[in-house]
Amino acid sequence: MASLCPITLLGPYLDYMTEQKIVGFIPEESLLQPLWTYLRTNHQEVLRSPLFPVIISVSTYFMACLLYMTLDSLSLVVPGINSYRIHPDQPVKLQSILKAIWLTVYNHVVFVFPAAAAQWYWRPPLPLEEKAPTVLEFTMGILGCTLLFDFQYYFWHMIHHKIQWLYVTFHAIHHEYFQPFCWVTQYMSAWELVSVGFWTTIDPIILQCHILTGYAFMVFNIWISVDDHSGYDFPWSLHNWIPFGLWGGSVKHDTHHQKPMTNFEPFFSHWDWLCGTHSDHSCSPAMADKKSTFSQPCHSSN
């Protein structure tokens with residue numbers, strides 16, 4: 001199990017740094033130690049509670065969706081915001097928002113919260129380490145969890161499209177919307193929601209991440225999932241910064257809703273490339289103009 005720890009993969013490089021006395025310039029105490037000490041001292045019971053992962057996940061999801069829903073509302077009267085929507089001529093309808101929120105609340109009340117309450121009784125409180133993770137461990141842990149989740153969901157997703165019974169029974173509901181918006185992120189069957197939640201919870205344990213890293217991964221995972229479904233293509237979006245098209249982002253996932261047998265990978269692009277399920281992405285007219293200026297291929301959705 002120890003061999004799966006992300007930091008272990010960097011062992012040879014850390015040994016080299018030690019030999020070259022480079023580590024002498026690195027502070028012994030993690031830069032995250034003051035934050036972790038404060039949290040352990042003042043919020044220990046909260047951090048150890050089996051309910052906390054559910055609380056942090058649900059609160060992050062609703063805050064992210066409320067942010068993008070606000071942008072959707074403003075886009076109706078602010079052309080500058082609307083220009084960064086992938087489908088600027090198709091505003092998000094209130095009826096669609098309420099329908100998606102209703103299913104989200106239903107799934108959480110009927111499935112998520114009862115499961116969390118059950119954990120409260122049978123799962124022991126989580127142990128808290130005294131030392132915080134180093135910045136390197138923290139960063140590599142989140143990256144490792146994201147890559148592992150990306151791998152897990154890619155094959156789950158592809159299988160649920162390839163096998164008709166699985167698609168109709170468990171995944172078709174997510175594709176009721178051809179132009180996704182923020183609340184579509186968790187507009188899914190209970191089986192899919194449980195699968196996603198299980199991987200998000202178990203992956204930091206598999207990779208032996210610090211509990212602080214695990215909680216940060218949960219927040220990051222939910223945020224980028226909502227961003228994927230947001231319907232926006234901002235200049236500062238990750239897919240516009242990470243080179244070589246390695247990060248799919250909202251434009252890639254929007255194309256998946258247009259062409260359901262392509263772009264199964266939730267975040268990155270390498271599995272779609274390797275397995276032949278990659279397709280061209282659409283983008284907002286505003287970003288199409290900017291990218292064409294720099295001679296980057298971009299297929300406008302209009």
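The legends below describe an overview and five close-up views of a predicted model.

Residues are numbered from 1 along each chain as its sequence is written, and side-chain values use heavy atoms, with hydrogens and water left out. Because the model is predicted, local features need a pLDDT of at least 70 and side-chain atom pairs count only at pLDDT 80 or more, while totals for chains, interfaces and linings use all residues.

**Figure 1. Overview of the protein, with 13 helices and 2 strands.** Helices (H or I, at least four residues) and strands (E, at least two) are DSSP runs, numbered from the N terminus. The average pLDDT, the predictor's confidence in each residue from 0 to 100, is 86, and 84% of the residues score at least 70. Among the elements, helix α7 (residues 135-162) has the highest mean pLDDT, 97, and strand β2 (residues 299-300) the lowest, 50. Of the 302 residues, 48% are buried; buried means under 20% relative accessible area, exposed over 50%, and partly exposed in between (1.4 Å probe, protein chains only). The accessible surface comes to about 16,100 Å², and carbon and sulfur atoms account for 69% of that surface. These areas come from the Shrake-Rupley method with a 1.4 Å probe; for residues, only the protein chains shown count as cover. Contact means heavy atoms within 4.5 Å. Of the contacts between residues at least 6 apart in sequence, 72% join residues at least 24 apart.

**Figure 2. Helices α4 and α6 in contact.** The axes of helix α4 (residues 52-75) and α6 come within 12 Å and cross at roughly 175 degrees. The two helices are therefore roughly antiparallel to each other. The contact is made by V54, V58, Y61, F62 and M69 of α4 with I97, T104, H108, V112, F113 and A116 of α6. Axes are lines fitted to C-alpha atoms, for helices over the stretch in contact, and angles run from 0 to 180 degrees between N-to-C directions. Angles under 35 degrees count as roughly parallel, over 145 as roughly antiparallel, 65 to 115 as roughly perpendicular and the rest as oblique.

**Figure 3. Surroundings of N107 in helix α6 (residues 94-122).** N107 has a relative accessible area of 3%, so this residue is buried. Apart from neighbours within four places in sequence, N107 is in contact with V112, Q186, M188, S189, A190 and L193.

**Figure 4. Helix α9 (residues 190-206) and its packing.** At 1.5 Å a residue, the 17 residues of α9 should span 24 Å, and the end C-alpha atoms are 24 Å apart, which agrees. The expected span is 1.5 Å times one less than the number of residues. Buried positions in α9 are A190, E192, L193, S195, V196, W199, T200, D203 and P204. These buried residues pack against α6, α7, α8 (164-171) and α10 (211-229). Just after α9, Q208 takes a positive phi of about 55 degrees.

**Figure 5. Helix α11 (249-258), a mostly covered element.** In α11, 9 of the 10 residues are buried. They are G249, S250, V251, K252, H253, D254, T255, H256 and H257.

**Figure 6. Loop residues F244 and N263, each with a positive phi.** Most residues other than glycine have a negative phi. F244, in the loop between α10 and α11, has a phi near 65 degrees. At 71% relative accessibility, F244 counts as exposed. N263 lies in the loop between α11 and α12 (270-275) and has a phi near 55 degrees. At 0% relative accessibility, N263 counts as buried.
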